[in-house]
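This report describes the fold, the packing and the surface of one protein chain. The sequence and the coordinates are shown first, and the discussion follows.

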Amino acid sequence: MEFQFISPKKNALVYLVKILTGALITWYGLRALGLQEPYWAMISLIIVTEPDINLAKASFKARLINTLNGCVVACLALVLFGPGFLSLLIALAVSVLVAMLLQNYPANWRLGPATVVILMSAAIGGKGLHQELEYALLRVGEVIAGSTVALLQSLAYGFVLKRLAPVKS
């Protein structure tokens with residue numbers, strides 16, 4: 001039996017190594033800092049991981065912008081309207097409008113509204129505004145941590161490739 005439909009894509013090994021090593025760094029690094037379940041950091045690591053430094057920088061920037069959009073809008077909605085489905089819908093609409101109205105907003109704009117839904121849905125079961133806002137800021141920190149690990153790995157990967165490249169005479 002032949003498996004012709006299985007063929008590794010370009011950079012498959014690079015992605016695999018970077019995601020696995022980044023996941024180990026992120027998971028154990030953040031756990032050592034007291035964060036028990038750094039899932040958002042790992043998700044951000046995966047989203048930002050790219051072999052190409054320029055693509056990694058663009059992914060990092062987009063992830064940061066979208067997360068800040070979602071977090072700011074969710075926090076404002078929590079403060080102004082409190083947790084609830086109606087406030088979630090308002091925050092979702094505002095987050096989409098922010099992404100659609102700003103020039104040069106990242107193409108993967110859906111991460112902003114997705115962040116709103118995740119934060120607001122967690123807040124609905126929360127135990128007060130202070131805890132809900134703390135949760136939102138913690139998630140932003142996780143996103144920044146995971147994205148930073150992915151960006152630093154791309155920079156290191158690029159450096160290693162330059163060092164291994166044959167010297168032109």
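## A buried salt bridge

The side chains of Glu 142 and Arg 139 form a salt bridge, with an N to O distance of 2.3 Å. The term denotes a side-chain nitrogen of Lys or Arg within 4 Å of a carboxyl oxygen of Asp or Glu. By this rule the count comes to one salt bridge. Side chains of opposite charge can pair when their charged atoms come close. Glu 142 and Arg 139 lie three residues apart in helix H6, so about one helical turn separates them. An α-helix has 3.6 residues a turn, so residues three or four places apart point the same way. Both Glu 142 and Arg 139 are buried; buried stands for under 20% relative accessible area, exposed for over 50%, and partly exposed for values in between (1.4 Å probe, protein chains only).

The model is predicted: local features need pLDDT of at least 70, side-chain atom pairs count only at pLDDT 80 or more, and totals for chains, interfaces and linings use all residues. Residues are numbered from 1 along each chain as its sequence is written, and side-chain values use heavy atoms, with hydrogens and water left out.

## Overall architecture

The secondary structure of the protein chain consists of six helices and zero strands, in the sequence pattern α-α-α-α-α-α. Helices (H or I, at least four residues) and strands (E, at least two) are DSSP runs, numbered from the N terminus. Along the principal axes, the C-alpha atoms fill a box of roughly 65 × 45 × 40 Å. Of the 169 residues, 37% count as buried. Among contacts between residues at least 6 apart in sequence, 72% join residues at least 24 apart; a contact requires heavy atoms within 4.5 Å.

## Nonpolar cores

A nonpolar core is a set of buried Ala, Val, Leu, Ile, Met, Phe, Trp, Tyr and Cys residues joined through side-chain atoms within 4.5 Å. The largest such core has 16 residues, and those with the most contacts inside it are Cys 71, Ala 91, Val 116, Leu 119, Met 120 and Ala 136. Helices H3, H4, H5 and H6 each give two or more residues to this core, and the largest share, six residues, comes from H3. A second, separate core of eight residues includes Leu 45, Val 48, Val 149 and Ala 150.

Cys 71 lies in helix H3 and counts as buried at 4% relative accessibility. Leaving aside neighbours within four places in sequence, Cys 71 is in contact with Thr 115, Leu 119, Ala 136 and Val 140. The C-alpha atoms of Cys 71 and Thr 115 are separated by 6.7 Å, although the two residues are 44 apart along the chain. Leu 119, not counting residues up to four places away in sequence, touches Trp 40, Gly 70, Cys 71, Ala 74, Tyr 135, Ala 136 and Arg 139.

## Helix H2

Which residues of helix H2 are buried? In this helix (residues 39-48), they are Trp 40, Ala 41, Ser 44, Leu 45 and Val 48. Viewed down the axis of H2, these buried residues fall within an arc of 145°, so they line one face of the helix; the arc is that of the directions from the helix axis to the C-beta atoms. They pack against helix H1 (12-32), helix H3 (53-81), helix H5 (111-124) and helix H6 (129-164).

## Surface and individual residues

The chain exposes about 10,600 Å², of which carbon and sulfur atoms supply 70%. Accessible areas come from the Shrake-Rupley method with a 1.4 Å probe, and for residues only the protein chains shown count as cover.

The table lists the location and relative accessible area of three residues.

| Residue | Location | Relative accessible area |
|---|---|---|
| Phe 85 | helix H4 | 57%, exposed |
| Asn 104 | loop between H4 and H5 | 76%, exposed |
| Ile 144 | helix H6 | 35%, partly exposed |

Asn 104 has a positive phi of about 60° although it is not a glycine. Most residues other than glycine have a negative phi.

Ile 144 is in contact with Phe 60 and Leu 64, leaving aside neighbours within four places in sequence. The C-alpha atoms of Ile 144 and Leu 33, 111 residues apart along the chain, are separated by 15 Å.
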